[in-house]
Amino acid sequence: MDGSDEKVPNRGNDCSFEERTFDCDEHFCHKGLWSCGDGECIDNMGRFVYEPSLSTDDPCRSMREYNYQCEMSTDYPLWTLPTGLCWPFPNYIDSAYRTTNNQECLYLIKCALSGGLESTCPCSHNQCLHLISKTCPHTIEYPSVPLIRPYIKTYFEADRNWHNKEPDTFLASGSIKCRGYQAHIYVREPLPMMPQYLYRALMLDDGICALLTTVHRNTSHLASPYDFTTMAQTFNNLQYQFFQCNQSKVCLSLHRVQDGLCDCGPAELCDDEYQTYFDNHSCQQYRFRCSSARFGHSKRCLYVWSMGDGTTDCLNSYDHYAFGVSELPLVQITCKQRNDIGCSLIKNYIRQSLLLETNETITNTEIFTMFHNLTNLSQQPLIPFRYYCDTFWYLNAAEDELSSYCEKWICPKEKYQCLSGHCIPITWVCDGVWDCPDASDEQGLFIIDTSEHNRNLPDLGSMIDKCRQYYNNRTQAFSNHCNLLTEYPCLLANVTDPLDLRKNRPCILIEQIGDGRSDCYGGLDERNVLSHCEANRMIGFGFRCDDSALCLYSPQVCSSLYHMSRCPNGADIPICFHNQLWMTNNVVGAVCSKPTDVMCLNDECIENARCNGIVQCENGEDEYRCSSDKDISNQVIYRGSKQSDHYKEEASLLYLTDFPPPSASLIKQKRLPYKKISKDTLQSTTANEQEHYRAEAFFYCNRGVYILSSAGVRCFCPPSYYGDKCQFYSDRLTVITHLALTDDKFQTTYIAIKVVALFLFDNNQILDYYEFDGRGKFEMNDKEYRKHRFHFVYSRKAYFLKHKRERYFNRTSIAQEHPYSIQFEAYELRSHDTIPLLVGLWHYPVYFDYLPSYRLSKILRLSLNLTNDACSTNDTTSICKNDNSMCQPLLNANHSYKCLCKSGYYGENCKSFDQQCLASSYCSPTSICKSRLSSARKPLCICPLNHFGPTCHLKYNPCNQVPCLNN
């Protein structure tokens with residue numbers, strides 16, 4: 001459901017306006033993504049609307065991340081409606097009564113954050129300071145409901161800068177579900193974490209359960225700890241294989257251990273990724289196996305989508321590059337059809353990896369050659385012409401930004417041209433961030449002659465003066481050693497001891513910046529040229545270890561929180577001098593223990609000196625590798641906020657007005673609460689508001705159809721939803737199956753097979769059914785298998801709801817009784833006047849009927865030559881009790897069988913007969929009549945060849961030249 005069986009998981013971008021049960025309703029967002037609630041997934045960081053996004057993802061089309069906090073959006077001025085949804089237009093009148101100070105206070109906060117969007121707002125932004133200070137307490141909770149997690153609350157200070165929309169404080173208070181108990185937590189001190197550390201919600205839960213002292217543990221028999229000794233068995237009585245996290249006690253399937261994903265969480269140091277289980281066990285056949293992992297030095301079993309995903313898990317980088325060869329990046333291998341060359345290569349590559357032992361390498365020359373040829377033939381993605389030489393990387397290996405291509409580039413007249421030829425907005429010049437690869441928009445300005453193009457730019461002179469004042473001062477690290485007008489200060493690369501400043505003067509020429517050669521330790525001078533080894537992006541303030549297959553993101557560099565991700569060979573130690581706990585004489589510096597403390601190179605410990613903009617160490621090393629860009633979004637993705645803004649700018653070009661407007665354009669509008677529309681209302685609103693009113697019809701009924709009648713609005717719901725607004729999700733089973741016709745007879749002739757899938761209760765009551773036809777040549781073609789996808793919905797009749805409730809609270813019933821099942825019956829269709837012949841039977845109990853959604857994925861293998869026919873080796877009369885039934889072997893269970901009732905019969909031992917199935921009474925004479933155990937429900941008719949309809953009386957003869965009668 002999370003797409004982990006495909007190389008590129010689906011993000012569900014169309015789920016907000018397309019009805020796709022499998023791709024949307026049950027789409028599970030994998031780690032690193034956040035659910036929009038309708039099947040669409042966005043980057044986890046994208047949910048924080050008050051933070052510039054760390055990704056280039058668009059927001060949820062449903063705008064779920066804005067709910068109840070619309071005013072905190074940095075993208076648009078919005079107003080939160082009583083329903084929690086957002087209103088985007090000015091002059092909205094908030095009719096809610098404000099009778100208390102608290103209500104008035106929240107109203108003023110909304111005015112301040114939204115810029116006075118509501119028509120009666122008395123102020124906007126910082127104009128509201130006086131009113132808020134007069135009306136509100138010093139610390140105000142907003143939104144008034146927790147949104148990040150049920151126990152994480154956000155607070156604003158009254159005397160703050162109201163242009164900044166990020167909350168001032170995060171507090172943990174409330175109930176949290178831990179393993180085996182419910183706890184109430186209250187932390188008086190603000191959480192020592194910013195929103196970027198809160199984005200993994202479930203991991204945050206586990207970490208708090210593991211680390212926080214709980215005030216009260218509420219236990220009950222309904223939340224009792226799991227008894228591993230007596231209940232750790234599968235439904236077929238095999239011992240359940242699990243792993244338990246050390247502190248949170250979360251239980252994981254062993255298939256989630258050593259899979260490259262941290263399930264136990266950083267608070268537990270990712271216990272699940274440091275085990276040795278797979279050193280003695282095999283990976284699943286569709287996982288890629290590392291012979292030796294990067295962290296923990298044990299084997300890993302990786303999902304297919306993790307191959308070439310930007311994260312290197314294998315020590316030999318085989319999961320990032322084919323055979324570890326940097327010229328063969330796996331990210332370039334695409335897999336779109338089952339048998340295309342990319343899919344075949346990935347499958348063979350995985351198959352080869354499963355044969356490896358520790359420290360072995362793949363030596364399959366044929367596969368290597370195929371990879372090499374495919375990589376050479378692979379085409380770069382197509383990008384707009386304007387994307388070239390704009391300093392952002394779109395093509396593999398940054399081919400669109402190579403200085404050798406861009407040096408003759410012609411920039412738009414309103415943009416600044418770097419010495420390297422790249423084009424950037426004029427506002428980026430001298431803003432403290434290198435945007436040009438050679439820093440010619442920052443320090444490099446001192447050594448270049450202004451080009452004719454740049455001389456025509458307005459205010460360039462004042463920006464150069466700003467740069468000179470900014471950089472030609474002593475607030476930079478090692479500025480006392482360098483001439484800042486011609487040199488760039490940094491620890492040197494390619495020397496024995498970079499920290500010996502007397503022997504190795506920490507300065508390079510400005511001309512050396514961006515020349516493709518690392519002159520500064522860790523490639524700091526090539527931050528816009530070197531690529532991060534786990535993604536096609538600039539390394540920025542990250543760090544490339546000596547092992548070129550491992551890079552650290554900026555937050556990982558020298559961080560105690562990410563010690564397991566530090567360079568294993570200690571290559572990052574020279575740049576981490578500032579957070580050492582000991583002095584050069586091995587005396588522990590007790591006071592130098594906080595992340596903001598600095599151990600200077602002269603063994604002086606200065607508290608809170610790290611990256612505060614003030615030189616305090618003798619050589620200014622407390623400010624070394626401190627980005628002047630304080631935007632938190634750029635700590636992970638270098639220049640991330642600028643790229644995000646760039647994408648938003650580009651996105652606006654995609655929404656040019658079409659005429660006539662396509663009907664689908666309404667669907668792309670923002671979601672609104674329902675509001676009754678009258679003719680007078682439409683006449684009094686703006687065109688934008690009218691469009692907004694019309695668009696609400698697409699969202700009011702969720703997945704249903706919006707009907708406006710004289711009685712008001714009604715929603716027609718699909719079977720998978722119910723409620724007056726189709727807002728409730730029906731418990732369901734989804735089925736994905738493929739009919740594998742393996743006999744040559746199926747491939748060489750046009751034998752037609754009809755498969756009937758029955759949803760059964762108590763093994764004989766048909767709740768629902770689904771039919772599909774298959775022929776050998778059509779079920780599997782050269783490109784892909786034919787998959788049949790459908791779903792069944794559990795009955796909501798009173799009897800079945802009562803049965804479900806009673807069963808839910810009965811563990812014995814759950815473990816030992818399985819009343820629901822899915823049965824597949826395959827019939828051979830020979831001719832239009834011949835009764836269908838049963839040739840195959842498969843029966844699958846539904847073990848997890850208590851879950852709201854359960855997926856059954858099975859291949860139905862049909863062979864005409866049975867090797868284990870249980871019916872042929874037994875007395876079928878004694879087996880099936882009477883002549884009203886027939887013995888049929890189960891193809892999914894060797895030596896097993898089932899007695900099926902003949903046409904018209906039903907019940908225990910097939911003793912009862914449905915009178916509706918009398919000859920020619922309901923079903924056609926040559927069809928099979930299956931009773932549905934209820935006089936109110938008509939039987940199920942299984943039609944012969946070329947017959948169709950609910951009773952099989954309708955005929956279709958493809959050879960008839962005149963199929964229509966009576967003119």
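**Aromatic rings and a surface patch**

In Tyr 722, the ring is covered by the charged end of Arg 796, which sits 3.9 Å from the ring centre. This contact, like every feature described here, belongs to a predicted model. A second arginine is placed in a comparable setting: Arg 160 lies over the face of Trp 162, at 5.0 Å from the centre of the ring.

Aromatic rings also meet one another. A pair of such rings is described by how far apart the centres lie and by the angle between the planes. In this structure the count comes to 34 aromatic pairs. One of them joins Trp 79 and Tyr 107 in an edge-to-face arrangement, with 5.9 Å from centre to centre and 70 degrees between the planes. This pair links distant parts of the chain, since Trp 79 belongs to strand E3 (residues 79-80) and Tyr 107 to helix H2 (residues 101-114), 28 residues apart. Both Trp 79 and Tyr 107 are buried.

Elsewhere, aromatic residues gather in a group. Phe 759, Phe 761, Tyr 770, Phe 772, Phe 790, Phe 792, Tyr 794, Tyr 799, Phe 800 and Tyr 820 form one aromatic cluster.

The surface offers another view. Tyr 68, Val 145 and Leu 147 make up a nonpolar patch there, and together they have about 220 Å² of accessible area. Of these residues, Leu 147 is found in the loop that runs between strand E5 (139-141) and strand E6 (152-157). Leu 147 counts as partly exposed because its relative accessibility is 30%, and the partly exposed class lies between buried, under 20%, and exposed, over 50%.

Conventions: Residues are numbered from 1 along each chain as its sequence is written. This is a predicted model: local features need pLDDT of at least 70, side-chain atom pairs count only at pLDDT 80 or more; totals for chains, interfaces and linings use all residues. Side-chain values use heavy atoms; hydrogens and water are left out. Patches are made of residues with over 30% relative accessible area and no salt bridge: like charges are joined within 9 Å, nonpolar side chains (Val, Leu, Ile, Met, Phe, Trp, Tyr) within 5 Å. Accessible areas come from the Shrake-Rupley method with a 1.4 Å probe; for residues, only the protein chains shown count as cover. A salt bridge is a side-chain nitrogen of Lys or Arg within 4 Å of a carboxyl oxygen of Asp or Glu. Helices (H or I, at least four residues) and strands (E, at least two) are DSSP runs, numbered from the N terminus. Buried means under 20% relative accessible area, exposed over 50%, partly exposed in between (1.4 Å probe, protein chains only). Rings of Phe, Tyr and Trp (its six-membered ring) pair if their centres lie within 6.5 Å; planes under 30 degrees apart count as stacked, over 60 as edge-to-face and the rest as tilted. A charge sits over a ring if NZ of Lys or CZ of Arg is within 6 Å of the ring centre and within 35 degrees of the ring normal.
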